[in-house]
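Subject: Handing over the structure, with notes

Dear colleague,

I am passing on the structure we spoke about, and my notes on it follow below. Please read them with the coordinates open beside you.

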Amino acid sequence: MRKKQNIVLEKLLVEDYAAEGKALARVEGKVIFIEGAVPGDVVDVRLGKSKKDWAEGHALHFHAYSKDRVEPFCQHFGVCGGCQWQMLPYEKQLQSKHRQVEEVLKRIGKVELPPFIPIAGAGETRFYRNKLEYTFSTKEYTEAKPPARPRMLKGGVYEHITPGAPNGVTYSSEKPQRPQTDHGPGALGFHAKGFFDKVVHIEKCWLQPEPTNEIRNAIRQYALDNGISFYDIRSHQGMLRTMQVRITTTGEVMVNLVVGEDNKKKLMPLLEWLVASFPQITTLLYTINLKWNDSLFDQNPLVYKGKGYVEEMLEDFRFKIGPKSFFQTNSRQGEKLYQITRDFAELDGSQVVYDLYCGTGSIGIFCSRGAKKIVGVEVVEAAIEDAKENAQLNGIDHGVFFSGDVIDVCNDAFFTEHGRPDVIITDPPRAGMHEKLVHKILEMEAPTVVYVSCNPATQARDLALLDAKYAVTKVQPVDMFPHTHHIENVVQLKLRSKNP
């Protein structure tokens with residue numbers, strides 16, 4: 001078996017940003033994508049994957065630092081795997097994301113594009129998430145993974161990769177060790193990057209406002225004090241499994257505690273203590289999940305306290321959110337995303353709007369006052385039931401919602417009953433639209449299409465197909481997740497004239 005090469009490139013000047021939070025440098029025409037660096041850094045890079053024209057690696061040693069670098073504000077930066085861009089000023093993050101969207105749409109879509117509207121940045125870059133999911137684990141990830149072959153310098157001194165250190169490394173004569181795993185009481189936090197069975201214990205997360213940190217830390221301590229076991233994902237044993245916390249801008253707090261054992265003698269006292277300790281919790285649920293995976297789509301959360309859901313407001317629209325509902329996890333930026341979508345739809349009260357991948361109906365409901373009729377289609381039946389409830393909650397009587405595949409639902413009989421679309425809004429998952437659906441949209445020939453995407457690469461692919469009949473007329477990126485490489489993008493398309 002051929003031995004894997006261990007290549008280190010020294011003193012590379014990081015030149016620019018790249019996709020997915022990486023930066024790039026060039027060596028004799030070869031592009032090197034670097035994790036953990038920003039433009040202006042001078043670094044040694046340990047390569048991982050290496051091809052003829054490009055390679056990937058991580059920053060091993062910093063010789064000089066970019067003037068753009070800032071001090072990460074989270075103690076867990078570089079360990080938990082989230083918020084990868086904390087060392088970059090937010091203005092620079094926005095510039096990078098905007099440019100990435102432009103480059104991806106040009107490189108993959110290869111369609112004519114208008115000048116982009118400037119990216120819509122977030123007003124709040126910390127504590128902006130309304131939903132977080134934490135994992136209990138018997139295996140605590142306690143330090144960053146060192147390189148496969150620790151770099152030994154002259155005099156027997158080793159480099160230690162140390163997130164948060166002034167230059168990302170420290171030096172000592174102690175040889176770096178493999179990550180330590182605590183098989184004791186357990187950790188409560190997020191999965192460590194690259195490990196399905198190890199969890200980083202989080203003391204303070206900056207993604208969600210209080211009382212999320214207070215609740216999480218208190219539950220962990222209660223479990224340790226009362227001998228309640230944490231879940232071992234390898235052996236599929238243990239009591240405490242996961243915990244979901246939703247905190248809305250209306251002040252409501254929902255906690256869903258998921259357990260891997262049907263043990264009411266341990267569970268009920270914990271829930272009682274939780275209610276007494278945190279009166280801020282408006283809805284407390286528990287879910288007994290005895291499966292081998294953490295998915296809750298086929299589980300039945302049970303209400304211990306409260307109404308079983310929370311409500312969120314976007315503008316003056318109210319949305320009911322249950323423990324299994326999909327909803328934009330950044331409420332304030334979700335509102336901004338929907339405002340841009342509504343503006344791009346250019347509604348005047350006369351149009352029939354088809355909301356494809358409508359989920360719980362949030363975009364269609366947000367656009368409802370400017371539409372003659374809203375028609376929502378979504379393959380997930382439970383989401384359609386939520387959409388109907390949300391429409392009723394907002395007094396919308398000109399919206400109809402259907403469960404099924406758009407390709408099957410939207411036939412001639414359907415058009416006869418509900419009207420052909422004047423505007424199509426589509427908000428697919430990261431994989432983008434199925435090619436058959438793209439052809440269905442081309443067949444519908446709605447004058448305006450608004451394409452909302454959380455993955456500009458698959459959006460660009462779909463735009464290339466839609467180019468057969470549609471021209472891209474507006475583009476605006478939206479930053480939903482500060483300090484990460486994720487980006488949303490909204491595109492307006494107009495049907496080309498049949499008689500040019």
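Which residue just after H1 takes a positive phi? That residue is Lys 110, whose phi is about 55°. Please bear in mind throughout that this is a predicted model.

To begin with the chain as a whole, there are 10 helices and 27 strands, and 52% of the 500 residues count as buried. The chain exposes about 22800 Å², of which carbon and sulfur atoms supply 52%. If one takes the contacts between residues at least 6 apart in sequence, 64% of them join residues at least 24 apart.

Helix H1, residues 90–109, is a convenient place to start. Its 20 residues should span 28 Å at 1.5 Å a residue, and the C-alpha atoms at its ends are indeed 28 Å apart, so the expected and the computed values agree. The buried residues of H1 include Tyr 90, Leu 94, Val 101, Val 104 and Leu 105, and also the polar or charged Gln 93, Lys 97 and His 98. The partners against which the buried residues of H1 pack are strand S2, helix H10 (456–466), strand S26 (470–478) and strand S27 (488–495).

Strand S2 leads on to an open sheet of six strands, which has mixed pairing and runs in the order S1-S5-S6-S4-S3-S2. Its edges are formed by S1 (8–13) and S2 (16–17), each of which has a single partner strand, so that one side of each is left without a neighbour in the sheet. Further in, S4 (residues 30–35) pairs with S6 in the parallel sense over five bridges, and Val 31 stands opposite Trp 54 in S6.

The loop between S6 (54–64) and H1 holds Cys 74, which counts as buried because its relative accessibility is 14%. Setting aside neighbours within four places in sequence, the contacts of Cys 74 are Gln 86, Lys 204 and Trp 206. Cys 74 and Glu 203 are 129 residues apart in sequence, yet their C-alpha atoms lie 10.0 Å apart in space.

As for charged pairs, the structure holds 27 salt bridges. In one of them the side chains of Asp 68 and Lys 92 meet at 3.9 Å, N to O; Asp 68 belongs to the loop between S6 and H1 while Lys 92 belongs to H1, so the pair ties together parts that are 24 residues apart in sequence. Asp 68 counts as buried at 16% relative accessibility, whereas Lys 92, at 24%, counts as partly exposed.

In another salt bridge, the side chains of Lys 198 and Asp 197 meet at 3.7 Å, N to O, and both residues are buried. A further salt bridge joins Arg 342 to Glu 315, with the closest N and O atoms 2.8 Å apart. This pair links distant parts of the chain, since Arg 342 sits in helix H4 (residues 331–345) and Glu 315 in the loop between strand S19 (310–314) and strand S20 (317–321), 27 residues apart. Arg 342 is partly exposed at 24% relative accessibility, as is Glu 315 at 31%. Finally, Asp 16, Arg 99 and Glu 103 are joined into one network by salt bridges that share partners.

With best regards

Note on methods: Residues are numbered from 1 along each chain as its sequence is written. This is a predicted model: local features need pLDDT of at least 70, side-chain atom pairs count only at pLDDT 80 or more; totals for chains, interfaces and linings use all residues. Side-chain values use heavy atoms; hydrogens and water are left out. Helices (H or I, at least four residues) and strands (E, at least two) are DSSP runs, numbered from the N terminus. Buried means under 20% relative accessible area, exposed over 50%, partly exposed in between (1.4 Å probe, protein chains only). Contact means heavy atoms within 4.5 Å. Accessible areas come from the Shrake-Rupley method with a 1.4 Å probe; for residues, only the protein chains shown count as cover. Two strands pair if DSSP finds at least two bridges between them. The expected span of a helix is 1.5 Å times one less than its number of residues. A salt bridge is a side-chain nitrogen of Lys or Arg within 4 Å of a carboxyl oxygen of Asp or Glu.
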